[in-house]
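Here is a quick tour of a model, written for someone who likes to poke at coordinates. Have a look at the structure first, then read on.

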Amino acid sequence: MRAVPFLTLILIPLALSGCTASKIVTAPFRAAGTVVETAVDATTQSQSEREEDLGRQVLKKRKKERELCLDEAQNKQERRNCKEAYERPY
């Protein structure tokens with residue numbers, strides 16, 4: 001008589017384990033998918049990111065040109081001309 005409740009207690013988790021087992025089995029694949037998505041996102045570059053990089057390159061180039069112009073200037077007027085040519089508003 002006591003064996004029936006005991007067997008019931010053992011069989012209920014086994015009967016419900018299909019749901020739990022499927023979650024346990026698919027969990028590594030879900031985690032791997034998340035890692036792959038993150039890696040792909042990290043390696044791709046959006047249009048705005050490309051534009052920001054291009055802007056940084058242009059600013060860096062203009063700064064070098066300005067410094068070169070100032071180094072080559074031989075008097076105050078030439079230095080003033082360099083500063084005016086490479087002012088911030090592009």
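## Starting at Glu 78

Let's begin with one side chain. Once its neighbours within four places in sequence are set aside, Glu 78 is in contact with Glu 72 and Ala 73. Keep in mind that this is a predicted model.

Glu 78 sits in helix α3. Its side chain also reaches the backbone nitrogen of Gln 74, at 2.7 Å. Buried or exposed? Glu 78 is partly exposed, with a relative accessible area of 34%.

## The disulfide

How many disulfides does a search of the whole structure find? The answer is one, and that disulfide joins Cys 69 to Cys 82, with the sulfurs 1.8 Å apart. Cys 69 belongs to helix α2 (residues 47-72) and Cys 82 to helix α3 (residues 76-85), so the pair ties together parts that are 13 residues apart in sequence. As a reminder, a disulfide is a covalent bond between the sulfur atoms of two cysteines.

If you care about handedness, check the torsion: about the S-S bond of Cys 69 and Cys 82 it is about -70 degrees, so this disulfide is left-handed. As for solvent access, Cys 82 counts as buried at 4% relative accessibility, while Cys 69 is partly exposed at 24%. The cut-off for buried is under 20% relative accessible area, so Cys 82, at 4%, falls on the buried side.

## The overall fold

Zooming out, the protein chain has three helices and zero strands. Reading along the sequence gives the pattern α-α-α.

What share of the 90 residues in the protein chain is buried? Just 3%, and Cys 82 is a buried residue. The accessible surface of the protein chain comes to about 8,300 Å². Carbon and sulfur atoms account for 62% of that surface.

## How confident is the model?

Across the protein chain, pLDDT averages 76, and 50% of the residues score at least 70. Where is confidence lowest, and where is it highest? The low end is helix α1 (residues 3-43), with a mean of 63. The high end is α2, at 92, and α2 is also the helix that holds Cys 69.

Definitions and conventions:
Residues are numbered from 1 along each chain as its sequence is written. This is a predicted model: local features need pLDDT of at least 70, side-chain atom pairs count only at pLDDT 80 or more; totals for chains, interfaces and linings use all residues. Side-chain values use heavy atoms; hydrogens and water are left out. Helices (H or I, at least four residues) and strands (E, at least two) are DSSP runs, numbered from the N terminus. Buried means under 20% relative accessible area, exposed over 50%, partly exposed in between (1.4 Å probe, protein chains only). Accessible areas come from the Shrake-Rupley method with a 1.4 Å probe; for residues, only the protein chains shown count as cover. A disulfide is a pair of cysteine sulfur atoms within 2.5 Å. Contact means heavy atoms within 4.5 Å. A polar contact is a pair of N or O atoms within 3.5 Å; within protein, one must be able to donate a hydrogen and the other to accept it, and residues adjacent in sequence count only if both atoms are side-chain atoms. pLDDT is the predictor's confidence in each residue, from 0 to 100.
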